[in-house]
Amino acid sequence: MELTAVKVDVQDTLDVPVTFDDEGTPIEGFEVVGPDSHQYQDADRKWRLRSVKRAASRGRPVDSRSENGAAEVLNTTLAVQREIVFACVVGMYGFTDNGVPAEVNVKTLDVIFTARPSWLTKVYMAIEANVGFTPV
């Protein structure tokens, strides 16, 4: 890779549509920053620190073969994904609140992604795929 290509704007955004009209035109969706953004890196660092502290205080590894251990790993993974998506969504379109365009904030995102958890997965996968954020 040419070194000049590495110097991309880490605040570049990607459009992640979630609903479409009959012609395939996006109606609702999210504008997100990618894995190299400050938002992503801060959220990821926060979870890594939390995991290290939790492991140190527990004094033993999580036994993911047990029901409780597997649930703990799954719940942590889902919480990390949610935190990263909430940090990386910098815009959205098509969502209204009493006829007014909805604001991007934790409360709004919580309402949307609690009602539509598959959208959270779609947005997370788009962010992690890193397609559209890295030069070709």
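Trainee: Strands here are DSSP runs of E with at least two residues, numbered from the N terminus. With that settled, which strand is F30 found in?

Mentor: F30 sits in strand 2, which covers residues 26-33. Keep in mind that this is a predicted model.

Trainee: Noted. Is F30 buried or exposed?

Mentor: Buried. Its relative accessible area is 0%, and the cut-off for buried is under 20%.

Trainee: And what's the big nonpolar core made of?

Mentor: The largest one has 26 residues. The members touching the most other members are F30, V85, F95, F113 and V123.

Trainee: Which elements supply at least two residues of that core?

Mentor: Strand 1 (13-20), strand 2, helix 2, helix 3 (67-88), strand 3 (89-93), helix 4 (106-115) and helix 5 (117-129) each do. Helix 5 gives the largest share, with six residues.

Trainee: V123 is on that list of core residues. What does V123 touch, leaving out residues up to four places away in sequence?

Mentor: V16, F30, V32, V85, V89 and F113. Take the F30 pairing: F30 and V123 are 93 residues apart along the chain, yet their C-alpha atoms are separated by 7.7 Å.

Trainee: Zooming out a bit, how much of the contact set comes from residues 24 or more positions apart?

Mentor: Taking contacts in the protein with a separation of 6 or more, such pairs account for 61%.

Trainee: What's the order of helices and strands along the sequence?

Mentor: It reads α-β-β-α-α-β-β-β-α-α, with five helices and five strands in the protein.

Trainee: Back to the end of that pattern. At what angle do the axes of helix 4 and helix 5 cross?

Mentor: Roughly 110 degrees, and the axes come within 4 Å. Angles from 65 to 115 count as roughly perpendicular, therefore that's the label for helix 4 and helix 5.

Trainee: Which residues meet there?

Mentor: On the helix 4 side you have I112, F113, T114 and A115, and they meet P117, W119, L120 and V123 in helix 5. F113 and V123 also turn up among the core residues that touch the most other members.

Trainee: Changing topic: what does the side chain of D44 join up with?

Mentor: The side chain of R48, through a polar contact of 2.8 Å. D44 is in helix 2, residues 38-58.

Trainee: Why does D44 count as buried?

Mentor: Because its relative accessibility is 16%, and buried means under 20%.

Trainee: What about V80, buried or exposed?

Mentor: Also under that cut-off: V80 has a relative accessible area of 17% and is buried. V80 lies in helix 3. If you want a distance to check, the C-alpha atoms of V80 and K46 are separated by 9.5 Å, with the two residues 34 apart along the chain.

Trainee: One backbone query. What's the phi of N98?

Mentor: About 55 degrees, a positive value, although N98 is not a glycine. N98 is in the loop between strand 4 (96-97) and strand 5 (100-101).

Trainee: Is N98 buried or exposed?

Mentor: Exposed, because its relative accessibility of 78% is over the 50% cut-off.

Trainee: Last one: what's the accessible surface of the protein, and what share of residues is buried?

Mentor: The surface is about 9,000 Å², with 55% of it belonging to carbon and sulfur atoms. Buried residues make up 30% of the 136.

Terms used. Residues numbered from 1 in each chain as written. Predicted model: local features only at pLDDT ≥ 70, side-chain atom pairs only at ≥ 80, totals over all residues. Heavy atoms only, no water. Buried < 20%, exposed > 50% of the residue type's maximum accessible area, 1.4 Å probe, protein only. Contact = heavy atoms within 4.5 Å. Areas by Shrake-Rupley, 256 points an atom, 1.4 Å probe, with all protein chains shown as cover. Polar contact = N/O pair within 3.5 Å; in protein donor to acceptor, adjacent residues only side chain to side chain. Core = buried A, V, L, I, M, F, W, Y, C linked by side-chain atoms within 4.5 Å. Axes fitted to C-alpha atoms, helices over the stretch in contact; angles between N-to-C directions. Parallel < 35°, antiparallel > 145°, perpendicular 65-115°, else oblique.
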